[in-house]
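Reader: Please set out the local geometry, ligand shell and packing in this entry, with the criteria behind each term.

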Amino acid sequence: MARICVVGLGYVGVVTGAIFAEMGHHVVAVDVIPEKVDALNAGESSIYEPGLDELLKDCVPARFNASMDMVAAVADSDITFLCVGTPSTTDGGQDTSYLEASSKSLGEAIAAKGEYHVVVVKSTVLPGTTDTLVKGGLEAAGITCGEDFGLAMNPEFLREGSAVQDAREPDRVVIGGFDQRSIDETAELYVGIGCPFVETDLRTAEMIKYASNSFLATKISFANELSRLCEAVGIDVYEVMDGIALDNRIKRSFLNAGMGFGGSCFPKDVRALVSLANSLNLDSALLSAVLDVNRSQPLHGVDLLEAANGTLAGKRIAILGLAFKGNTDDVRETRALPVAEELKKRGAVVVGYDPEAAENFKAMFPDIEIVGSIHEALTCANGCIIQAEWDEFRELSADDVDVMADKVVVDGRRIVEDVDGLEESGAIYIGIGLGSIE
Ligand SMILES: NC(=O)c1ccc[n+]([C@@H]2O[C@H](COP(=O)([O-])OP(=O)(O)OC[C@H]3O[C@@H](n4cnc5c(N)ncnc54)[C@H](O)[C@@H]3O)[C@@H](O)[C@H]2O)c1
């Protein structure tokens with residue numbers, strides 16, 4: 001079994017480390033935040049992800065540990081995965097500062113060890129980043145790529161909310177390499193995972209990740225744009241998408257109209273690709289439009305609520321679901337933020353509920369009253385917007401909405417199961433993309 005180092009204990013690093021440990025490898029993770037290192041060593045995850053706590057219980061400390069000491073971690077391993085964040089810069093580009101810093105300290109650790117080591121970039125990085133910035137950062141320590149260390153790019157496709165399952169059973173493993181040895185030594189870790197492998201060069205591997213996320217984001221914005229047309233002409237966009245998905249060239253997934261896409265990946269990755277195109281004087285009309293639709297979709301949800309309420313000024317409005325989607329505590333680029341901001345702008349009093357993400361959201365948007373249940377959120381509310389698809393919102397019932405001052409429900413994710421029950425209780429139910437001819 002291999003000895004693996006994982007740099008970065010975020011959503012990707014902790015899940016990657018845990019899955020490798022589950023496969024029997026020995027994993028040490030390095031982070032610069034002591035609380036994350038301590039939590040991992042106590043067998044606890046610093047993020048919410050279904051199934052992760054159980055997994056950590058099984059493999060910490062026997063096969064999975066954390067440390068702040070990069071030199072010691074590299075000395076105890078043969079291959080290192082870089083899983084640090086690559087957020088957006090203010091102009092939509094890629095912030096590579098964490099990657100640059102971690103590449104440099106990793107290079108020094110490999111030099112100190114004095115033995116061949118493979119470096120694998122798992123962070124999402126624009127084409128050309130691994131063979132310039134990362135390679136350069138490592139070589140700054142006086143070591144040479146291909147001789148002292150191998151270099152591979154292995155993009156991650158897990159989805160928050162189902163990350164453990166996705167990492168256990170990926171659709172494919174993509175490995176780009178500086179040379180064949182780097183590819184082979186990375187691929188060896190995945191032996192036993194029964195999915196297609198794509199072996200390629202570093203830049204193609206980097207681009208596969210961006211192309212994948214941009215395509216999925218395009219599907220979502222396509223569904224959202226069509227949903228507004230469908231609403232206007234009295235058609236249910238979900239029925240339309242079910243209809244087109246019967247064509248086997250089109251898959252049904254990611255065609256659900258909603259409040260738009262958020263999270264730490266789609267918005268920043270599409271923005272980064274647009275920014276790359278701009279820097280090369282290339283047109284990015286399609287991807288720019290994908291972002292435009294995504295910007296306006298949450299505001300459309302607020303418009304629907306306002307149309308039903310008359311005005312939002314002075315109204316108490318509940319946002320159900322503050323995370324960027326259900327089953328996660330991640331609020332990065334959550335659509336709840338533009339919704340909350342817009343509600344405030346229109347004079348509403350905003351109350352929010354989320355089973356896991358409330359604290360994170362409050363830290364980002366303090367001007368909100370956070371409550372601990374659907375019941376508290378809806379009590380005396382003049383309307384609500386379902387923003388994230390938590391299971392408990394699927395079961396929204398006549399009893400739940402009975403406590404509202406005005407029973408107006410905007411289902412921004414089209415998840416409510418008993419719509420008839422709500423309507424029979426006198427509630428106004430407005431589903432995104434659900435046109436009605438009246
Ligand atoms: N979150 C996802 O669903 C997802 C999915 C696929 C790919 N990705 C990509 O994976 C990368 C990581 O994403 P994430 O969501 O896990 O990020 P994250 O921000 O949750 O975690 C990054 C971690 O790296 C640590 N770190 C930063 N600099 C460091 C250094 N010099 N040494 C050691 N640790 C350091 C941070 O403290 C943090 O714990 C990003 O490029 C992202 O685009 C994310």
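Reader: Where is cysteine 380 placed?
Author: The model is predicted, so local features need pLDDT of at least 70 and side-chain atom pairs pLDDT 80 or more, while totals for chains, interfaces and linings use all residues. Numbering runs from 1 along each chain as its sequence is written, and side-chain values use heavy atoms, without hydrogens and water. Helices (H or I, at least four residues) and strands (E, at least two) are DSSP runs numbered from the N terminus. Cysteine 380 has a positive phi near 65 degrees and is not a glycine; its place is the loop between helix 15 (374-378) and strand 12 (383-386).

Reader: Is asparagine 327 buried, partly exposed or exposed?
Author: Asparagine 327 also has a positive phi, about 65 degrees, and sits in the loop between strand 9 (316-320) and helix 13 (336-345). Buried means under 20% relative accessible area and exposed over 50%, with partly exposed in between (1.4 Å probe, protein chains only). Because its relative accessibility is 35%, asparagine 327 counts as partly exposed.

Reader: What is omega for the peptide bond between valine 60 and proline 61?
Author: Proline 61 lies in the loop between helix 3 (52-59) and strand 3 (64-67). The bond joining valine 60 to proline 61 is cis, with omega of about 5 degrees.

Reader: How much of the accessible area of the ligand does the protein cover?
Author: Polar contacts to the ligand are pairs of N or O atoms within 3.5 Å. Oxygen atoms of the ligand lie 2.8 Å from a side-chain N or O atom of lysine 36 and 2.7 Å from one of lysine 268, and a polar side-chain atom of arginine 332 is 3.0 Å from a ligand oxygen. By the Shrake-Rupley method with a 1.4 Å probe, the ligand on its own has 840 Å² of accessible area, of which the protein covers 90%.

Reader: Which helix gives the most residues to the largest nonpolar core?
Author: Such a core is a set of buried Ala, Val, Leu, Ile, Met, Phe, Trp, Tyr and Cys residues joined through side-chain atoms within 4.5 Å. The largest has 42 residues, and Phe64 is among those that touch the most other members. Leaving out residues up to four places away in sequence, phenylalanine 64 has contacts (heavy atoms within 4.5 Å) that include Val14, Gly17, Ala18 and Ala21. With 7 residues, the greatest contribution to this core comes from helix 1 (residues 11-22).

Note on methods: Polar contact = N/O pair within 3.5 Å; in protein donor to acceptor, adjacent residues only side chain to side chain.
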